[in-house]
Amino acid sequence: MKISYNWLREYVHSSLTPSDAEKVLSSIGLEVESMESVEQIPGSLEGVVVGEVLECEKHPGADKLSVTKVDAGEAEPLQIVCGAPNVAKGQKVFVAKVGTTLTFTSGEELKLKRAKIRGEESAGMICAEDELGIGTSHDGIMVLPSEAIVGTPAKEYLGLETDTLMEIGLTPNRVDAASHLGVARDFSAWLRFNGTDTKLIKPSVDKFDLLKRASDIAPVNVQVVATEGAPRYAGLTFDNITLAPSPEWLKKRLVAIGLRPINNVVDITNFILHETGHPLHAFDYDKIAGKEVVVRRAKDGELFTTLDGVERKLTTEDLMICDAEKPMTLAGIFGGAESGITSETKRVFLESAYFNPVSIRKSSKRHQIKTDASFRYERGADPEMVPYALKRAAILFQELANATIVGDVVDIYPDKIERAVVEINFDRVERLIGKKIGRENILNILEYLEYDVLKSDETGANISVPGYRVDVTRECDIVEDVLRIYGYNNVEIPERMVASITPGRKPDPESVKEGLSDFLAANGFHEIMNNSLTKGEYYTKLKSFPQENLVRILNPLSSDLNVMRQTLLLNGLEVVSYNINRQMPDLKIFEVGNVYSFQPSVEVENPSILKSYKESAKISMFVTGPGTQTWRAGANQASYFSLKGYLELLLRRYGVEPADLEYSAAPADLFSEGLVYKTQSGKEVAVMGTISQTLLKKFGIKQQVFAAEISWDVLFQLVKKQKILFKEMSKFPEVRRDLALLLDEEVNFYDLRKSSFKTEKKILKSVTLFDVYRGDKIPEGKKQYAISFVMQDPKETLRDKTVEETINKLLKNFETNFGAQLR
């Protein structure tokens, strides 16, 4: 939300500097995210002064130039060569001195230097409107009234302002501060509480009853059919409107906050929006068929062309402002192409309404239209502001556009929205604040914020919440408002704090996660963080993550954020694509985050318990890229095996031996090749492999990407089972023996290893497969495994006899259980 400090001070007479005001606003919950100085004219015409032409003679070497002597308030007159046809002796003019930088209306900049023009020296410039940036005329120089004082700076003479523009970051519940009056209300409350008598100056609308009336035309008739969508709808008809450029003060206000002035009628509605926070909409009276406005729901499939020229297909949930024949506006969101104000407009119907926030939000999201009006309506406008905004605009219409009012204000409000009433207890309020601030301070702050105290005693009060605070419904909400103005920094930290210490779990899951992240970072990975909301389109044709298991958002911000993610892999591929497109092809990244799924088959006994929704933690890893070649070594290209190495190193770091896990093929819709690591009970520990070309193409990635995803909950259960015990390293040497075994193709190393440790539990330390051979002299359907066995006794040096007995025992086991033959 952009706030002009000069504009703000029209409602709060404050002497604070913009910097001090920024600190105040941030302290009361209206965080100022940025500040910038705004000049009405770039450079504020620094170096331009009022001058008087003392002499004016024709240039001896050019018919269209004049040589002048100009008094610019300095000791000696300036000689200036001027090409304007209207320059004459005795004129008061604007003079730009040497060294001045002028910004023309066209945007072009010119820095003045001392020069010779056709042989005559020129020390400055007598300026036209467009050369000063204050107009478009270049017919001649600006001639000022004779009473203008020589030497007066142009900034002072023209009354140019230097403003400060503040960008306020509003939280979703503070739509009341989406206006200058809304910010001024909080600012005034803080100033008054801190001893400054600076009441909020809200422009009066008392003059409305004295405005000129006309009866040459019939006022627009209003009919509200969809009362649930438009609980309050008001309007007023105007005649004899004169469309013209807005006055300078109005243009100045709009330009300060980045809006382009259009004409007096449109500018007034924009001004009211940013002054009060309440949107208005102006219709061309002559384009309203039947001179009737009907507020109704759209017909299913009805077509409507909005102001941007886009034809939109409506549903029965869309609220429309129609005339007797057709839709004119998507209520509270966007105007139509055929009912807006044009240069031919003479009569206007002005709308001021309170629309149902849910209805506006749904339509805005459905049609993907974001406007200043929808921003305010969908967060909850103030129903009490409806007539005030309309009357305020009517006064300006008559002052700036010579409008006359036709008929009375139409205000359809069948079911009044009552103010919320909250009962507060002073002791409880002070306990929540953490300090005794006194009953009087509490009630004063609420009064400054325009709350009404219905009744009060020593223990508590009944508070009527103003219509602009749509989010205040509980005592704790009142406490928040009181504390904002009282000041969080005024609540001292107690000298002693009492807290109960609850022993944490062993091992602590957060500590394990931190250690895991540190481990990956130490191995060259960079951590990424992605939004849990993602694009539902990613999950089309993915059997591993069916679309029916997606957790869908009811009111998504956009189609790119319409579901909760089921996996970290797709978000990670977004990051990979983003970096590759920015010339960073070598990546090693990881993410720790949650994934979400919906299980429609789960029966829920108690509807309040969302058993059908599941949230779980995952860890993803990605490696990709050709690597970087140095003078000492070749490129370390990312590969399937490099990722597998990192993954298994991570598992071993936390006591999980990959060889003790079971394996299966990774899902083909995600990986072209890969593995699934599983526990003995079949739970998935991790999945890794080469991302499929189909998936890479979906993200526009043209290089191989290798990825893994670890199931944190399963991994943590394995970590919990690990018992860390101190064990002295053996003082006795290891003994290694190798066996070459001829085996059937169906036999796998995992089963051989597992069987080996069952056969010899005491001295066998490791079993490693170091070669697999198929080919010459190996029968069809057979393969050769070369396996290394490492043995060690912690109590004594192993003797050859013991080693041989152990190897024979292992060999017999292989022959009996696997049909192995020693080669």
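A helix axis here is a line fitted to the C-alpha atoms over the stretch in contact, and the angle between two axes runs from 0 to 180 degrees, taken between N-to-C directions. With that in hand, a pair of helices makes a good start. In this predicted model, helix H19 (residues 749-759) and helix H20 (residues 800-818) have axes that come within 10 Å and cross at roughly 130 degrees. Angles of 65 to 115 degrees count as roughly perpendicular and those over 145 as roughly antiparallel, and H19 and H20 are therefore oblique to each other. Their crossing is right-handed.

So who meets whom in this pair? From H19 come Asp751, Leu752, Ser755, Ser756 and Thr759, and they meet Lys809, Leu810, Asn813, Phe814, Asn817 and Phe818 in H20. Sorted by class, the contact between H19 and H20 has 4 nonpolar, 5 polar and 2 charged residues. The spacing of such contacts is no puzzle: an α-helix has 3.6 residues a turn, so residues three or four places apart point the same way.

Now for another pair. The axes of helix H7 (residues 264-276) and helix H10 (386-401) also come within 10 Å, crossing at roughly 145 degrees. This crossing, too, is right-handed. On the H7 side, Asn264, Val265, Ile268, Phe271, Ile272, Glu275 and Thr276 take part, and their partners in H10 are Tyr388, Ala389, Arg392, Ala393, Leu396, Phe397, Leu400 and Ala401. The make-up by class is 11 nonpolar, 2 polar and 2 charged residues.

Next, the buried parts. Val183 is found in helix H5 (residues 180-193). At 0% relative accessibility, Val183 counts as buried, since the cut-off for buried is under 20%. What does Val183 touch, leaving out residues up to four places away in sequence? The list is Ile3, Leu8, Leu25, Leu30, Ile168 and Ala177. Tyr11 sits 172 residues from Val183 along the chain, yet the C-alpha atoms of the two are separated by 9.6 Å.

H5 also turns up in the surroundings of helix H12 (residues 439-448). In H12, the residues Ile442, Leu443, Ile445, Leu446 and Tyr448 are buried. Their cover includes H5, strand E26 (421-425), helix H11 (426-433), strand E27 (452-456), strand E28 (460-464) and helix H13 (475-486). Just after H12 comes Glu450, with a positive phi of about 70 degrees.

Positive phi values crop up in loops as well. Asn402 lies in the loop between H10 and strand E25 (404-412), and its phi is near 55 degrees, a positive value in a residue other than glycine. Lys777 is placed in the loop between strand E40 (764-773) and strand E41 (782-791), and has a phi near 70 degrees, again positive in a residue other than glycine. Buried or exposed: which word fits Lys777? At 70% relative accessibility, Lys777 counts as exposed, while Asn402, with a relative accessible area of 45%, is partly exposed.

Finally, how confident is the prediction? The mean pLDDT of the protein is 91, and 99% of its residues reach 70 or more. Confidence is lowest in strand E14 (residues 213-214), at a mean of 86, and highest in strand E38 (residues 705-711), at 97. As a rule of thumb, where pLDDT is low, the predicted coordinates should not be read in detail.

Definitions and conventions. Residues are numbered from 1 along each chain as its sequence is written. This is a predicted model: local features need pLDDT of at least 70, side-chain atom pairs count only at pLDDT 80 or more; totals for chains, interfaces and linings use all residues. Side-chain values use heavy atoms; hydrogens and water are left out. Helices (H or I, at least four residues) and strands (E, at least two) are DSSP runs, numbered from the N terminus. Angles under 35 degrees count as roughly parallel, over 145 as roughly antiparallel, 65 to 115 as roughly perpendicular and the rest as oblique. A crossing is left-handed if the near helix is turned anticlockwise from the far one by less than a right angle, and right-handed if clockwise. Contact means heavy atoms within 4.5 Å. Ala, Val, Leu, Ile, Met, Phe, Trp, Tyr, Cys and Pro count as nonpolar, Asp, Glu, Lys and Arg as charged, and the others, Gly among them, as polar. Buried means under 20% relative accessible area, exposed over 50%, partly exposed in between (1.4 Å probe, protein chains only). pLDDT is the predictor's confidence in each residue, from 0 to 100.
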